[in-house]
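Student: I should like to learn how to read a helix-helix contact between two chains. Could you guide me through an example?

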Amino acid sequence: MTTTAQTPARTTKKPVTLSAKKPRRKGSIMLTLLVGLMSLYALVPLGWLLINSTKTQDGLFSSFGLWFDDGKFALFSNIADTFTYDGGIFSRWLLNTLIYVVVGAGGATFLAVLGGYGLAKFNFVGKKAVFAIVLGAVAVPPTALAVPTFLMFSKFGLTNTPWAVIIPSLISPFGLYLMWTFAAQAIPGEMLEAARVDGAGEMRTFFKLAVPLLGPGIVTTALFTMVATMNNYFLPLIMLKDPDWYPLTVGLNAWNAQAATAGGEAVFNLVITGSLVTVVLLLAAFLTLQRYWQSGLTAGSVKE
Amino acid sequence: MAVPQLAAPPAASRMGVRRRRPSFKGWQFVGPFMFVFALVFLAPIGYAIYLSLFRNRLIGGNQFVGLDNYQQALTDPQFWSSVGRVGLFLLVQVPIMLFLALLVALALDSGRLYGKSFFRVSIFLPYAVPTVVAALMWGFIYGSQFGLVGNINDALGVSLPDPLKPSLILASIGNITTWEFVGYNMLIFYSALQVVPKSLYESAAIDGAGQWRIIRSIKIPAIRGALVIATIFSIIGSFQLFNEPAILRNLAPNAITSYFTPNFYAYSLTFAGQQFNYSAAVAVVMAVITIIVAYVVQLRGTKELG
């Protein structure tokens with residue numbers, strides 16, 4: 001939001017502003033330097049990743065970490081190797097991750113949007129109980145649930161299948177909360193009343209009227225559930241035995257740990273390049289959708 | 001303002017709620033969520049409690065033992081050492097991270113920064129890096145083999161302490177989580193600051209209040225709700241610490257024990273020790289501790305609101 005929403009506000013909405021009376025506050029170089037340090041802290045490890053993904057396995061050991069290995073630029077061969085190593089299993093992991101994210105995070109977003117709308121716009125029997133249960137459950141660490149979930153799923157024969165990863169990611173209490181606050185503000189009650197008077201069914205009203213208004217909230221929730229699904233390491237680690245079902249996170253660590261096993265080949269260059277590919281994909285998603293999630297976040301914190 | 005606590009429905013949600021007699025209509029929207037929620041949240045909690053009341057004995061098989069597992073957990077030095085470790089982590093890492101996040105958010109909000117949107121995005125970027133990848137990456141950077149620490153030692157002829165040695169490993173993990181989540185918290189604070197009416201600052205400035213005074217008396221109280229939320233999420237996150245120690249264990253097997261964090265302990269008990277029942281008891285105790293701490297923070301945070 002910020003830039004897009006502030007500029008018109010400054011020129012049109014407020015006739016008398018601080019800047020009209022006083023000279024505009026000047027930028028502070030000290031402050032900029034201070035925040036610049038934080039930005040450096042955030043970016044240096046990513047730069048390290050980028051630089052080191054251009055090195056061969058030997059080059060990693062022989063060259064300085066924050067500069068390129070002289071003469072050898074192995075980024076493209078590393079990328080090629082990452083995708084072909086071990087029978088091209090990296091592509092499989094990438095595909096798995098995509099499935100888990102699309103089905104898991106997509107499903108979680110759908111359920112959260114539906115539920116948040118219901119909580120914000122309806123009075124129904126048991127609403128208080130829903131609040132109490134869901135909000136109490138937010139404090140229960142999901143990882144504390146992972147082991148019992150594993151034992152339960154193994155009873156049903158669900159372990160070592162994609163469902164074992166997808167089903168638990170379908171619930172995002174934070175997403176529900178975000179959509180609930182968002183729906184409460186974004187959808188005027190009178191509009192829903194009007195639709196009801198016109199005889200539109202509740203589901204039709206929801207999809208035709210509410211969903212378009214919930215856009216930024218939906219994108220925000222989708223991004224946060226996506227990050228949660230991508231961050232999911234513990235759950236797939238315990239649920240999946242077959243490397244063919246691994247998501248990227250578990251797969252990359254398996255490659256990393258391989259060096260420590262007897263007779264295992266060290267493929268740190270591939271771990272680094274694989275990490276880079278993972279990061280680039282996620283960053284691309286975040287940066288292209290920036291406009292939406294930033295306004296969604298702001299709206300999520302607005303009250304009144 | 002701004003989401004004062006998770007438990008209170010925002011005032012806005014009351015607008016547009018149908019005032020007629022309660023019906024079941026809302027369930028067609030909330031129902032699907034609650035159904036899956038029951039399956040993946042409530043059922044495992046119930047199952048964990050059930051499991052924790054039994055014990056598998058060599059003679060007699062699976063037996064009901066009441067609260068024996070809990071008694072064992074409460075007197076288990078390894079369990080308490082793991083709780084103490086995340087407790088220490090929480091007391092040191094969470095304030096540092098939130099302080100830095102608040103500082104950057106206030107700087108961004110002050111309007112005195114050059115290149116504001118660049119900073120906002122760049123500091124947020126690490127949040128989009130999966131924690132596993134972040135742990136792998138920092139692990140490499142810490143490592144003695146081709147790590148940056150080793151490089152700097154070689155290049156400058158100094159000997160920085162090994163970040164993976166037992167006495168520093170917790171701080172090193174703290175650095176990774178700070179790196180990952182500073183930007184996220186910064187954005188939460190910044191978003192909350194965005195909706196504070198600017199007229200408040202103007203009138204305060206007219207009354208002669210300086211920048212620090214405005215920050216202390218207007219901005220911080222205005223975003224207290226966001227601060228409480230961020231604190232609660234960070235506390236829950238600290239208690240759940242698993243990915244970073246699990247990944248770094250490859251590099252520092254001696255520094256990271258099988259009971260390094262409560263989660264890691266529960267994991268080791270289940271998969272290395274096959275002690276399902278005891279592990280379930282540990283998970284339940286940990287969930288209760290987390291809920292109590294989060295609840296106390298929420299209570300304190302909202303009480304100070306007024």
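**Reading a helix at a chain interface**

Tutor: The model is predicted. Let us begin with helix α3 of chain A, whose buried residues are A:Val35, A:Met38, A:Ser39, A:Ala42, A:Leu46, A:Leu49 and A:Asn52.

Student: How should one read the spacing of such a list?

Tutor: An α-helix has 3.6 residues a turn, so residues three or four places apart point the same way. In this helix, A:Val35, A:Met38, A:Ser39 and A:Ala42 are among the buried positions.

Student: What covers the buried residues of α3(A)?

Tutor: The cover draws on both chains: it includes α4 (57-62) and α15 (268-288) of chain A, together with α3 (77-109), α4, α5 (131-142) and α7 (169-194) of chain B.

Student: At what angle do α3(A) and α4(B) pack?

Tutor: Helix α3 of chain A, residues 29-52, and helix α4 of chain B, residues 116-124, pack at about 35°, and their axes are 8 Å apart. The crossing of α3(A) and α4(B) is left-handed.

Student: Which residues of α3(A) and α4(B) meet?

Tutor: From α3(A) come A:Val35, A:Met38, A:Ser39, A:Ala42 and A:Leu43; from α4(B) come B:Phe119, B:Ser122 and B:Ile123. Sorted by class, this contact comprises 6 nonpolar and 2 polar residues, with no charged ones.

Student: Which residues of α4(B) are buried?

Tutor: They are B:Phe119, B:Arg120, B:Ser122, B:Ile123 and B:Phe124. The buried residues of α4(B) pack against α3 of chain A, and also against α3 and α7 of chain B.

Student: Where in α3(A) does a kink lie?

Tutor: A kink of about 30° lies at A:Leu43, shortly before the proline A:Pro45. The span of the helix can be checked as well: at 1.5 Å a residue, the 24 residues of α3(A) should cover 34 Å, and the end C-alpha atoms are 33 Å apart, which agrees.

Student: How many residues of chain B are in contact with chain A?

Tutor: The size of an interface is often given as the accessible area lost when the parts come together. Here the account is in residues: 95 of chain B are in contact with 95 of chain A. On the chain B side, helix α1 (residues 27-52) gives the most, with 17 residues. That side has 68 nonpolar, 23 polar and 4 charged residues.

Student: What does chain B look like as a whole?

Tutor: Chain B has 13 helices and 2 strands. Its C-alpha trace spans about 80 × 75 × 30 Å along the principal axes. Of the 306 residues in chain B, 47% are buried. Among contacts in chain B with a separation of 6 or more, 70% join residues 24 or more positions apart.

Student: How does one read an unusual backbone angle?

Tutor: Most residues other than glycine have a negative phi, and most peptide bonds are trans. In chain A, A:Asn160 has a positive phi of about 65° although it is not a glycine. A:Asp86, also not a glycine, has a positive phi of about 55°.

Student: Where do A:Asn160 and A:Asp86 lie?

Tutor: A:Asn160 is in the loop between α7 (142-156) and α8 (162-169) of chain A, whereas A:Asp86 lies in helix α5, residues 75-121. A:Asn160 is partly exposed, because 15 other C-beta atoms lie within 10 Å. A:Asp86 has 16 C-beta neighbours inside 10 Å and therefore counts as partly exposed.

Student: Which residues does A:Asn160 touch, sequence neighbours up to four places away aside?

Tutor: A:Asn160 touches A:Met239, A:Leu240, A:Lys241, A:Asp242 and A:Trp245.

Note on methods
Residues numbered from 1 in each chain as written. Chains lettered and ligands numbered in written order. Predicted model: local features only at pLDDT ≥ 70, side-chain atom pairs only at ≥ 80, totals over all residues. Axes fitted to C-alpha atoms, helices over the stretch in contact; angles between N-to-C directions. Helix = DSSP H or I, 4+ residues; strand = E, 2+ residues; numbered from the N terminus. Left-handed = near helix turned anticlockwise from the far one by under 90°. Contact = placed C-beta atoms within 7 Å. Nonpolar A, V, L, I, M, F, W, Y, C, P; charged D, E, K, R; others polar. Expected span 1.5 Å × (residues − 1). Bend = angle between axes of the 7 residues up to and from the residue. Buried ≥ 20, exposed ≤ 12 C-beta atoms within 10 Å, placed from the backbone.
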